[in-house]
Amino acid sequence: MTAPRIDIVHPADLTPTDLDRWNDLRSATATAANPFMSAQFSQAVGRVRPDTRVAVLRRRRKTVGYFPYQRGRWGCGRAVGLGVSDCQGAVLHPGLHLDPRHLMSACSLNAWEFNHLESGQELFLPYATGQFASPVIDLTGGFAAYEHHLRDHARGFLKAARAQERRMARNIGPLRFVFDDPDPGALRALVTWKSAHYRRTGRRDPFAQPWIAQLVELLSATSAPDCSGILSVLYAADRPVAAHFGLRSRTVLSCWFPSYDLTVATYSPGRILYLHMIEAAAASGIDLVDFGRGEAAYKNSFKTGDLLVHEGALRTAGPGGALHWLRREPMRAAHRLVRDHPTLKNAAVRTLRTVGTIRAR
């Protein structure tokens with residue numbers, strides 16, 4: 001079969017017809033409408049990252065796919081929004097057969113790196129070198145069914161969260177929850193808490209990178225059916241004590257940046273926030289809450305199951321692909337070694353905490 005024609009455009013040059021076609025193709029090929037895979041997310045990244053491009057695939061004058069990516073030096077490419085995007089891949093017509101190296105050549109790429117490739121991306125899965133659980137909550141039965149699940153599988157967790165909620169209201173003041181809060185002050189408070197958390201735990205603060213801070217601000221003002229920024233805030237005595245900023249589509253809420261005021265940590269405000277957020281999400285038509293890749297005790301307590309995401313890189317033969325391998329794979333292998341050995345992993349966590357303590361002085 002003839003290979004599709006591939007045109008490379010900036011996301012800003014996508015037409016309204018392209019946006020509709022992109023999201024229609026996505027709906028036809030994916031069981032979950034993750035907002036990170038929407039046309040609007042790629043457009044937002046394109047506004048803060050000038051290296052963002054989209055390969056538009058056409059066959060017989062009909063658009064049959066979109067492949068968003070970022071192109072760095074020496075043809076080293078990466079998934080759009082790599083570092084903050086929780087779902088990655090191409091949006092292709094069902095049954096489209098495509099040579100991945102033809103796609104790479106059209107995009108002038110020697111390599112394309114991913115770390116949250118969704119399952120079902122058959123074009124790229126052969127190049128995955130690791131897979132990870134992405135905890136999720138199934139809300140297709142509504143919040144009442146989910147609460148019943150918690151009582152069966154995490155009764156102590158749910159009981160403790162409800163008790164802490166009552167104690168917080170009693171000791172601090174009346175609680176108020178806003179599912180979609182437009183207050184920019186609450187978003188600033190969240191960013192301040194989250195940045196402090198990253199520094200305290202010795203991790204790199206993504207908000208220190210201007211493009212990520214700009215992306216969050218931009219998406220907070222984005223309201224589209226397939227990708228909307230949503231800020232959920234828990235107030236106590238009319239001051240924010242916990243907040244979460246994420247993205248939603250019609251049916252999926254992708255968790256992104258949660259945090260809380262450390263001065264009220266003894267009340268576990270994050271748990272309380274999530275319970276209210278999950279209930280409000282179910283009421284607004286959300287069928288799936290995706291916590292994203294990464295281990296955390298609270299994710300295990302809340303989840304009803306897991307999706308799988310993958311990391312790896314598609315590389316071409318030649319110097320460019322070899323250079324990418326030399327730059328990325330030794331470090332990736334070291335990370336895998338630490339992740340797969342509890343003793344090394346615990347030592348790394350202790351080291352990061354020590355670094356965070358030094359930073360905080």
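This briefing looks at helix 7 and at the strands around strand 12. The model is predicted. Helix 7 spans residues 210-220 and has a set of buried residues. Strand 12 is mostly covered, and it pairs with strand 11 and with strand 13.

**Helix 7: two faces**
- The buried residues of helix 7 are Trp-211, Ile-212, Leu-215, Val-216, Leu-218 and Leu-219.
- These residues lie on the same side of helix 7, because they cover an arc of only 165 degrees around the axis.
- An α-helix has 3.6 residues a turn, so residues three or four places apart point the same way.
- Pro-210 and Glu-217 are exposed, and they sit on the face of helix 7 turned away from its buried side.

**What covers helix 7**
- Two helices are among the elements that cover the buried residues of helix 7: helix 2 (39-48) and helix 6 (184-200).
- The cover also includes strand 10 (227-236), strand 11 (239-248) and strand 12 (252-260).

**Strand 12 and strand 11**
- In strand 12, 8 of the 9 residues are buried.
- Strand 11 and strand 12 form a hairpin, with 3 residues between them.
- Their pairing is antiparallel and runs over 6 bridges.
- Ala-243 stands opposite Ser-259 of strand 12.

**Strand 12 and strand 13**
- Strand 13 covers residues 288-290 and pairs with strand 12 in the parallel sense, over 3 bridges.
- Asp-290 in strand 13 is the bridge partner of Ser-254.
- Helix 8 (residues 269-283) joins strand 12 and strand 13 in making a right-handed β-α-β unit.

Definitions and conventions: Residues are numbered from 1 along each chain as its sequence is written. This is a predicted model: local features need pLDDT of at least 70, side-chain atom pairs count only at pLDDT 80 or more; totals for chains, interfaces and linings use all residues. Side-chain values use heavy atoms; hydrogens and water are left out. Buried means under 20% relative accessible area, exposed over 50%, partly exposed in between (1.4 Å probe, protein chains only). Helices (H or I, at least four residues) and strands (E, at least two) are DSSP runs, numbered from the N terminus. The arc is that of the directions from the helix axis to the C-beta atoms. Contact means heavy atoms within 4.5 Å. Two strands pair if DSSP finds at least two bridges between them. A crossover is right-handed if, with the strands pointing away from the viewer, the path from the first strand over the helix to the second runs clockwise.
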